[in-house]
Amino acid sequence: MCGIVGYIGTRAASKILVEGLKTLEYRGYDSAGVATVGEGILQRTRAKGKLINLQTKLEGLEDPAHLGIGHTRWATHGKPEEHNAHPHTDTKERIAVVQNGIIENYRELREELKAKGHQFRSDTDTEVIPHLIAEYLQNPAENPDSDTVLTEQSSFLEAARQAVNRLKGAFALAMVSVDFPDELLVVRQQAPLAIGFGQGEFFCASDTPAIMPYTQAVLTLENGELARLTRMGVEVYDFTGHRLKKKPQTLNWNPIMVEKQGFKHFMLKEIYEQPGVVRTCLETYLDTSWDQQSGRSPINLNLPNALLDDLEHIQILACGTSWHASLVGKYLLEQVANVPTVVQYASEFRYAPAPLMANTLTIGVTQSGETADTLAALEMEQTRRSASCDERHAPRMLGITNRVDSSLSRLVPHVMGTMAGIEIGVAATKTFVAQLMAFYFLSLELAYRRQTISSARLAELIEGLRQLPAQLELVLESQERYVEELSHDFADTTDFIFIGRGINYPIALEGALKLKEISYIHAEGYPAGEMKHGPIALLDEKVPVVAIATPGTVYEKVLSNAQEAKARDARLIGVVPMNDADAEDTFDALLPVPIVDELLSPVLTVVPLQLLSYHIAARRGLDVDQPRNLAKSVTVE
Ligand code: G6P
């Protein structure tokens, strides 16, 4: 949510800033801006709308400055207008600041600063920051809340430190000043901020893809840290002004991962990457030399026994698509490993947590590892469990994330990486499938430990998992063209219903969410058996129904539920087993998938729904990778 970039070095900053913003545009795209500092001038350019508008404005502007900051915005405070676009400046336009997050106490700070003569020009919370820094530069705090005053290093740094100590909320900042032309300041407080180390040049960004083309050496700031970047190096401090010793880590991401590689959209590329992602997950978590006779678990989770043994409950906290993956996880954990499991929206749980249950594993599922609600819910749970006198309530915390370098990994002691590679399309696809894989591994490991399934059944499921990459390839090959053609029929459709049951009920929810997110068509996912209790009233010939009907405990039931919809003239689309006569009789359009064990079917059934939503949105000429009003990672509450 909002992208931040910064550069200090020897090259023209504005080009590097715009390139960085291109890779971060998925974080927000309702306005963008850059500010550079060079030769006694602070030059600021901002534009409403997509980054291309800013690029057009910058064309032809000669800007040799070697220091600057940039921002792509997802509006929280103030409409997406140019005057609200970042960077924001102080009254005299000597300091420029970009922010990702929310400053909760901005109203009182604004009043205080206005009373001192500061003039505000935007409706944003961010604008208080440059004014506050300007105020502290002119009138350093009388009682700085520090025993280490940084003015010897830089009065800009010290003024920024004093300002940051006044801010309440979750934020990441990058700041420059024309009076300090050799300094780029960055801050992290509950919102991500990484620093890239080059040769005589340094970068900062709210996400590493913006840094990757230049360097693999990256330092991720912790909460409560402030850093000063000069051409000579990076100094990191805590908010009291104490210098900290920090070293960059080497990333193993590759810049190729953030290119479209011939696909029209990132989303389509990422859908096609799914067989490879599942293969990588299998290579990472399956013991290749395992067989039924080996007398050990087939899964390598690398998690301590204390986390997994003697569990009485599991609670999963997540948002959006990760919440849907967690519902599949609940099904597996209960039906395979026999552990009672609840799945909670993190945004609800944090304000109304259930009473503490004993011997409970809490799992936070977040693709980005940065979703504010999920992080806050996990932190709250960890704190209240640590405070309990009953040792059966002690926290057992696990994260499932695609970004093992994220805030989640700093918050919880154990993390399962989902190995999907960076996902750029705002609508999650490959990371969803990778989250499902994590739940297969976790539930099979628990089933093995708790002996809830026989070793023959375990072997059968492991073999089924191994077949999935080839089966995914088959689904993609056989359906791409047909789904594209089918999408033509829905150019004017305004409502869709998705139904599924059992382990495929969450897939119906996910199918509906994908369609809503990128094609702006109203869609609802329902457990098929509940249709009769209300939603069936919506059906007529204008409302297509997509049913997920795959062999297993509820196959015939879903077919009957589909027939009930057909009797109301709904057009029926079925995600069905390949070569199935019953399905061919029932549905108007077929999206066949290979026949697999019911427990494994979600990995395959979700793919036709991803393709369907992709092609409908592409057909409508919509911006598939950057749908309106959405952001890839929601770092504000
Ligand atoms: C945003 C994204 C969704 C995502 C959700 C949770 O809303 O647009 O695609 O599912 O956040 O994100 P997370 O990173 O926590 O999985």
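In the predicted model, phenylalanine 490 and phenylalanine 496 are both buried. The rings of these two residues form an edge-to-face aromatic pair, with 5.1 Å between the centres and an angle of 65° between the planes. A second edge-to-face pair joins phenylalanine 197 to phenylalanine 202, here at 5.5 Å centre to centre and with 85° between the planes. Phenylalanine 197 and phenylalanine 202 are likewise buried. The count of aromatic pairs comes to nine. Tyr7, Phe203 and Tyr214 together make up one aromatic cluster.

The UniProt record, an unreviewed entry, places the feature "domain: SIS" at residues 303-452 and 486-627. In the model, residues 303-452 are 43% helix and 18% strand, and the C-alpha atoms at the two ends of this span are 19 Å apart. For residues 486-627 the corresponding content is 38% helix and 19% strand, with the end C-alpha atoms separated by 22 Å.

Strand β18 comprises residues 360-366, and seven of its seven residues are buried, so the strand is largely enclosed by the rest of the structure. The burial extends to both faces of β18: Thr360, Thr362, Gly364 and Thr366 are buried on one side, and Leu361, Ile363 and Val365 are buried on the other. Strand β16, formed by residues 313-318, pairs with β18 in the parallel sense over six bridges. In this pairing, isoleucine 314 is found opposite leucine 361 of β18. Strand β19, at residues 397-401, also pairs with β18 in the parallel sense, over five bridges. Threonine 366 stands opposite threonine 401 of β19. The connection from β18 to β19 passes through helix α11 (residues 372-386), and this β-α-β crossover is right-handed.

Two further buried positions were examined individually, beginning with threonine 124. Threonine 124 is located in the loop between α3 (106-115) and α4 (128-138). Its relative accessible area is 1%; because buried status requires a value under 20%, threonine 124 is assigned to the buried class. Beyond neighbours within four places in sequence, threonine 124 is in contact with Arg73, His77, Asn84, His88, Tyr106 and Arg110. The side chain of threonine 124 also makes a polar contact with the side chain of serine 122, at 2.8 Å. In addition, a polar atom of the threonine 124 side chain lies 3.3 Å from the backbone nitrogen of glutamate 127. Isoleucine 103 is 21 residues from threonine 124 along the chain, and the C-alpha atoms of the two residues are separated by 9.3 Å.

The other position, leucine 113, belongs to helix α3. Leucine 113 has a relative accessibility of 0% and therefore counts as buried. When residues up to four places away in sequence are excluded, leucine 113 touches His118, Phe120, Val128, His131, Leu132 and Glu135. Leucine 113 and alanine 191 are 78 residues apart in sequence, and the C-alpha atoms of this pair are 25 Å apart in space.

Note on methods
Residues numbered from 1 in each chain as written. Predicted model: local features only at pLDDT ≥ 70, side-chain atom pairs only at ≥ 80, totals over all residues. Heavy atoms only, no water. UniProt positions renumbered as here; feature names shortened; annotations may be inferred. Helix = DSSP H or I, 4+ residues; strand = E, 2+ residues; numbered from the N terminus. Buried < 20%, exposed > 50% of the residue type's maximum accessible area, 1.4 Å probe, protein only. Pairing = 2+ DSSP bridges. Right-handed = clockwise from strand over helix to strand, strands pointing away. Contact = heavy atoms within 4.5 Å. Polar contact = N/O pair within 3.5 Å; in protein donor to acceptor, adjacent residues only side chain to side chain. Phe/Tyr/Trp six-rings, centres within 6.5 Å; stacked < 30°, edge-to-face > 60°.
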